[in-house]
Structures are given as structure tokens and as C-alpha cells.
Amino acid sequence: MSAVNFNAWLHPSFTRSRSPTFLFHGLTNSPIPSFIVTKRQRDKLYSSSPFTLSALLTKEDTVETQEKPAFNFKSYMVQKADAVNQALDDAVPLREPLRIHEAMRYSLLAGGKRVRPVLCVAACELVGGAAATAMPAACAVEMIHTMSLIHDDLPCMDNDDLRRGKPTNHKVFGEDVAVLAGDALLAFAFEHIAGATVGASPPRIVRALGELARAIGAEGLVAGQVVDIKSEGLDDVGLERLEFIHLHKTAALLEGAVVLGAILGGGTDEEIEKLRKFARYIGLLFQVVDDILDITKSSQELGKTAGKDLAADKVTYPKLLGIEKSKEFAAKLNKDAQDQLSGFDPVKAAPLVALANYIAYRQN
């Protein structure tokens, strides 16, 4: 077999900018904090005009303006989630060493909404790809999300005892095995995309791997985690820092899920970038809603410990904006996300529209 030059695939001309996009810079008069953004990054920031917080969309409005024929979101989610769950079960079978695979499967198959993998599949189908092509990447995103939850729950991080209505991984398997289970899921996620993806060209598979690595590394999820940890107990955490935390800690992986699906589905650069913007909006929306639910719902309703952000003295959107303004901001993010889907086939875009509404109006 002839040697393959991976360098050309790793650095294609269409590789995106690695600079973050700040969605509501302009909400306050303070500049983007220098501890987060370099001058080079600042020059590449989003060029769209800043917006203000205002209530623009209600749940009732959304239902009334949906295109006909009506999209059956519940049926779609059940079907896609079942397919994802089966694929995850097949991808991580119980084998030797039993203990580590038991720990991996315990958290990976513990349920959950499967929003990220379904977003990946939906984005792939939107640009004309097949669900089967995106499924390994969808599973990989869920493996990485599960890793982040296992590690988040550790005593050295959030020190949580409950996740998805069950004892956290380290409570069942011990801290040592929990750390290793997360590590194993992270490593296998990349192996799974590389080895199990069919129906996409090698350059697109490598591009997807690079996209995912950036989404979760020191310029993505990890960056958000670190700034979040170092911001606990500080009195001067403003909207810019809070936005940085959640664009990286939460939105980056959601963005990665959508963009991976679009890349592997054969999307054009223009389609991929529109879906990237869509994903950033819903990623931040997810966190705003999460912050609201953390103080308005019980642990039983959430399936995880409620009020832990307040107990840890973390800055949240309700803490800075209040509940009502946070809800208005969530409505604005939902609208802006759905605006990015204009120009796509409305029938094929219906799952992403419904997923955005689901994220906006979820109760757990």
C-alpha cells in the first residue's frame, strides 16, 4: 500500500479560524478582557453588530409559526436516540479488562438526552449526507461529553454525587477508575471516527478529527473549564468572562457536533460556517437555560444536584442578569440560531429548528 500524506489533509485551505466568536460583546461598555483574547484574535472577531437583551420569541409563537406539514419532534428524537444508544452499545462492548469497560459503559449508557449526537446526525442529513456516515462521529461526541461529565463530577472538580439520576461514576467505581474511564472514552472517540466512518472521503475524516480536537482542547472545552475554575469566588466576573467560559466549556462541543456532521455529510464551506454559527448560538443558549434550571428546579427534576452553582459561588447568567433578563436573552439566542438556517431546505432543517426549541424550552 502506498504511503498516505496526512499533512495535506490536516492543513487544508478551508480550515476555519481558531479564534473564538463573542456573541454579545457590546452588552456592556467594557472591552473584551485582555486575559482572554489576543490582538490577533480580537481582529478576527465576529463582525456582526452587537445586540441588546429583549424578549423576541415565546414558546407559543414558535409553535404557531412552524412550517406545515408538522414535524414530529418526539418521534424523531426517539428514533435517533435509539439508533445512537444502539451504536454506543455496539462500539463499547463489555470485554477485558472488565472493570474499565464496566465503568465506561456505566456512564456512557446511563441515558441522557443525546442532544449532541442527534445534532451531529441532523447536520449531516441537512447537507445531503447519510445518517450512517455521521454515526461514528455522533458516538464520539457523546463519548467525549460523557468523559467531561465523569471528570466534572470528581471531588477535585465539582464533587458531585448524582448524574442522570444515578450515583456518579467515582461513587461506584472509585476515583482512580473514574479518571481512567474518562481517559479511555476520550481516546477511543478519535479511534472510532478514524476506523468506523464510512461514506466520507479521507480528507473530510481528517478534517473532522482536527475539528473535534480543537473543540475539546486548550482552545475549547478545557479552556472554558480552567477559566470557570479560576473564576469561582471572584467578585469582578462580568459578562465577557462568563461568555468566554460557556462558549468554550459548553458551546464548543455542541459546535463540534454540528460541524462534524456537516463536514462528513459533504457540506460546502458556506454551509459549514452557517451551521457553525447556528451551533454557537444554541451552545450558549444551552448554558443560559442550564443556569436558569439550576436555580428553578429540584435535584429530582434535573436528575443531578440542583443549586450547586449557587453553593459554589459561581457566576451565572441569572446572577448577573436576573431570571427574567436571562429568559429574554435565551429567546434572543434561539431566534438568532434559527436565522442561520435560512436558505436550507426547510423540511431538512426542521430537526435542527426543533432541537433549538427543545434546548430553549427543556425542563431538565
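## Buried residues, a long core and some unusual backbone angles

Biologist: In this predicted model, which side chain of opposite charge is nearest to aspartate 152, which is buried yet has no salt bridge?

Modeller: Aspartate 152 lies in helix H7, which covers residues 131–152. A salt bridge needs a side-chain nitrogen of Lys or Arg within 4 Å of a carboxyl oxygen of Asp or Glu, and the nearest side chain of opposite charge is 4.8 Å away, so aspartate 152 has none. That nearest side chain belongs to lysine 249.

Biologist: Which residues does aspartate 152 touch, not counting those up to four places away in sequence?

Modeller: Lysine 249 appears here again, although aspartate 152 forms no salt bridge. With residues up to four places away in sequence left out, the residues that aspartate 152 touches are Met157, Asp158, Asn159, Arg163, Gln225 and Lys249.

Biologist: Is glutamine 225 buried or exposed?

Modeller: Glutamine 225 lies in helix H11, residues 221–231, and touches Asp152, Met157 and Lys249 when residues up to four places away in sequence are not counted. Its relative accessible area is 11%, and because the limit for this class is under 20%, glutamine 225 counts as buried.

Biologist: How many disulfides does the structure hold?

Modeller: Cysteine 120 is in no disulfide, as the nearest cysteine sulfur, that of cysteine 124, is 7.0 Å away. The sulfur of cysteine 139 is 9.1 Å from the closest cysteine sulfur, in cysteine 120, and is therefore too far for a bond. Cysteine 120 is buried, with a relative accessible area of 0%, and cysteine 139 also counts as buried at 0%. The number of disulfides in the structure is zero.

Biologist: Which helix gives the largest share of the largest nonpolar core?

Modeller: The largest nonpolar core has 91 residues, and those with the most contacts inside it are Leu119, Met143, Leu212, Leu275 and Leu352. The largest share of this core is 13 residues, and the helix that supplies them is H14.

Biologist: How many of the 28 residues of H14 are buried?

Modeller: Helix H14 runs over residues 269–296 and reaches 40 Å from its first C-alpha to its last, close to the 40 Å expected at 1.5 Å a residue. The helix is mostly covered, and of its 28 residues the number buried is 20.

Biologist: Which residues is methionine 143 in contact with, leaving aside its neighbours within four places in sequence?

Modeller: Methionine 143 is among the residues with the most contacts inside the largest nonpolar core. Leaving aside its neighbours within four places in sequence, its contacts are Leu88, Ala91, Val92, Leu108, Leu185, Phe188, Ala189 and His192.

Biologist: What is the omega of the cis peptide bond that joins glutamate 96 and proline 97?

Modeller: Proline 97 is placed in the loop between helix H4 (73–91) and helix H5 (98–108). The peptide bond that joins glutamate 96 to proline 97 is cis, with an omega of about -10°.

Biologist: Is arginine 114, which has a positive phi although it is not a glycine, buried or exposed?

Modeller: Arginine 114 has a phi of about 60° and is found in the loop between H5 and helix H6 (115–126). Its relative accessibility is 3%, and since buried means under 20%, arginine 114 counts as buried.

Biologist: What is the phi of arginine 164, which is not a glycine?

Modeller: Arginine 164 is in the loop between strand S1 (162–163) and strand S2 (166–167), and at 22% relative accessibility it counts as partly exposed. Its phi is positive, at about 55°.

Methods:
Residues are numbered from 1 along each chain as its sequence is written. This is a predicted model: local features need pLDDT of at least 70, side-chain atom pairs count only at pLDDT 80 or more; totals for chains, interfaces and linings use all residues. Side-chain values use heavy atoms; hydrogens and water are left out. A disulfide is a pair of cysteine sulfur atoms within 2.5 Å. Buried means under 20% relative accessible area, exposed over 50%, partly exposed in between (1.4 Å probe, protein chains only). Helices (H or I, at least four residues) and strands (E, at least two) are DSSP runs, numbered from the N terminus. The expected span of a helix is 1.5 Å times one less than its number of residues. Lys and Arg count as positive and Asp and Glu as negative; His and the chain ends are not counted. Contact means heavy atoms within 4.5 Å. A nonpolar core is a set of buried Ala, Val, Leu, Ile, Met, Phe, Trp, Tyr and Cys residues joined through side-chain atoms within 4.5 Å.
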